Amino acid sequence: MKKIENSFAVTGFIGKDAEIRQFTSSSVAKFSLAVGRTETVGGETKRVSAFMAVEVWRKNESASFELLKKGQIITIHGYFKPEEWSDDKGKHNRMVMVATEFFATPEKEEAPEEQKSTSKKTKK
């Protein structure tokens with residue numbers, strides 16, 4: 001059987017300041033990341049976004065979560081972790097993105113509309 005690597009790389013905006021919990025030898029920061037893309041359906045273009053749950057673990061001597069503030073654009077690399085739990089409403093599950101590395105991402109300047117239409121024509 002082939003081994004499939006569970007990994008991702010994604011860029012997005014932090015939805016709210018990270019919730020940080022400290023333990024004896026490590027700390028975890030949990031936050032939401034807004035990710036999106038542009039879709040064109042029937043000639044109409046719109047931005048589609050979703051919030052993803054993210055957690056980052058660090059050893060306490062190297063913990064640095066200062067970057068994890070609302071509105072910050074970051075790129076994260078990591079793996080997906082499924083979570084399951086039960087309560088009085090039944091069984092639940094969700095997928096959490098565990099970031100093994102993160103860094104600030106410089107924002108790209110959007111090209112003026114003239115350049116966008118010109119570049120689309122020249123790509124043929």
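Read from the N terminus, the chain follows the order β-β-β-β-β-β-α. The model is predicted. In total there are six strands and one helix. The chain has 124 residues, of which 25% are buried. Its exposed surface comes to about 9800 Å². Carbon and sulfur atoms supply 51% of that surface. Among contacts with a sequence separation of 6 or more, 57% link residues 24 or more positions apart.

The largest nonpolar core holds 16 residues. Within this core, the residues with the most contacts are Phe31, Leu33, Val54, Leu68, Ile74 and Ile76. Two or more core residues come from each of β1 (8-14), β3 (26-41), β4 (44-59), β5 (73-87) and β6 (90-104). Strand β3 gives the largest share, four residues.

Leu33 is one of the core residues with the most contacts. Neighbours within four places in sequence are left aside in its contact list. Leu33 then meets Val10, Gly12, Phe13 and Ile14. Leu33 also touches Ala50, Phe51, Met52 and Val54. Ile74 and Ile76 complete the list for Leu33.

Val10, a contact of Leu33, lies in strand β1. Val10 has a relative accessible area of 21% and is therefore partly exposed. The cut-off for a buried residue is under 20%, so Val10 at 21% does not count as buried. Beyond four places in sequence, Val10 contacts Leu33, Val35, Ile74, Thr75, Ile76 and Met97. Val10 and Val35 are 25 residues apart along the chain. Their C-alpha atoms are separated by 7.8 Å.

Strand β3 also carries Ser27. This serine is buried, with a relative accessible area of 0%. Outside its neighbours within four places, Ser27 is in contact with Arg21 and Gln22. Further contacts of Ser27 are Val56, Trp57, Arg58, Asn60 and Phe65.

Gln22, one of the contacts of Ser27, belongs to strand β2. Gln22 is exposed, at 63% relative accessibility. Ser27, at 0%, is buried. In sequence, Gln22 and Lys59 are 37 residues apart. In space, the C-alpha to C-alpha distance for this pair is 9.6 Å.

Glu55 is placed in strand β4. Its relative accessible area is 4%, so Glu55 is buried. The side chains of Glu55 and Trp57 are joined by a polar contact of 3.0 Å. With residues up to four places away not counted, Glu55 touches Val28, Ala29 and Lys30. Glu55 also touches Lys81 and Glu83. The remaining partners of Glu55 are Val96, Met97, Val98 and Ala99.

Lys81, a contact of Glu55, sits in strand β5. Lys81 is partly exposed, at 26% relative accessibility. Along the chain, Lys81 and Glu55 are 26 residues apart. Their C-alpha atoms are separated by 9.9 Å. A polar contact of 3.5 Å joins the side chains of Lys81 and Glu83. Glu83 is also among the residues touched by Glu55. Leaving aside neighbours within four places, Lys81 contacts Glu55, Arg94, Met95, Val96 and Val98. Val96 and Val98 appear among the contacts of Glu55 as well.

The second largest pocket encloses about 160 Å³ of space. Its lining includes Lys16, Glu19 and Arg21. Lys30, Phe31 and Ser32 also line this pocket. So do Met52, Ala53, Val54 and Glu55. Arg94 and Val96 complete the lining. At least two lining residues come from each of β2 (19-22), β3, β4 and β6. Strand β4 supplies the largest share, four residues. Phe31 and Val54 line the pocket and are also among the core residues with the most contacts. The buried residue Glu55 is part of the pocket lining too. Lys30 and Val96 are in the lining and in contact with Glu55. Arg94, another lining residue, is in contact with Lys81.

Terms used
Residues numbered from 1 in each chain as written. Predicted model: local features only at pLDDT ≥ 70, side-chain atom pairs only at ≥ 80, totals over all residues. Heavy atoms only, no water. Buried < 20%, exposed > 50% of the residue type's maximum accessible area, 1.4 Å probe, protein only. Contact = heavy atoms within 4.5 Å. Areas by Shrake-Rupley, 256 points an atom, 1.4 Å probe, with all protein chains shown as cover. Core = buried A, V, L, I, M, F, W, Y, C linked by side-chain atoms within 4.5 Å. Polar contact = N/O pair within 3.5 Å; in protein donor to acceptor, adjacent residues only side chain to side chain. 1 Å grid on protein atoms, 1.4 Å probe; cavity = no way out; pocket = protein on both sides within 12 Å on 5 of 7 lines; lining within 4 Å. Points joined across faces, edges and corners; volume = space filled by probe spheres on them.
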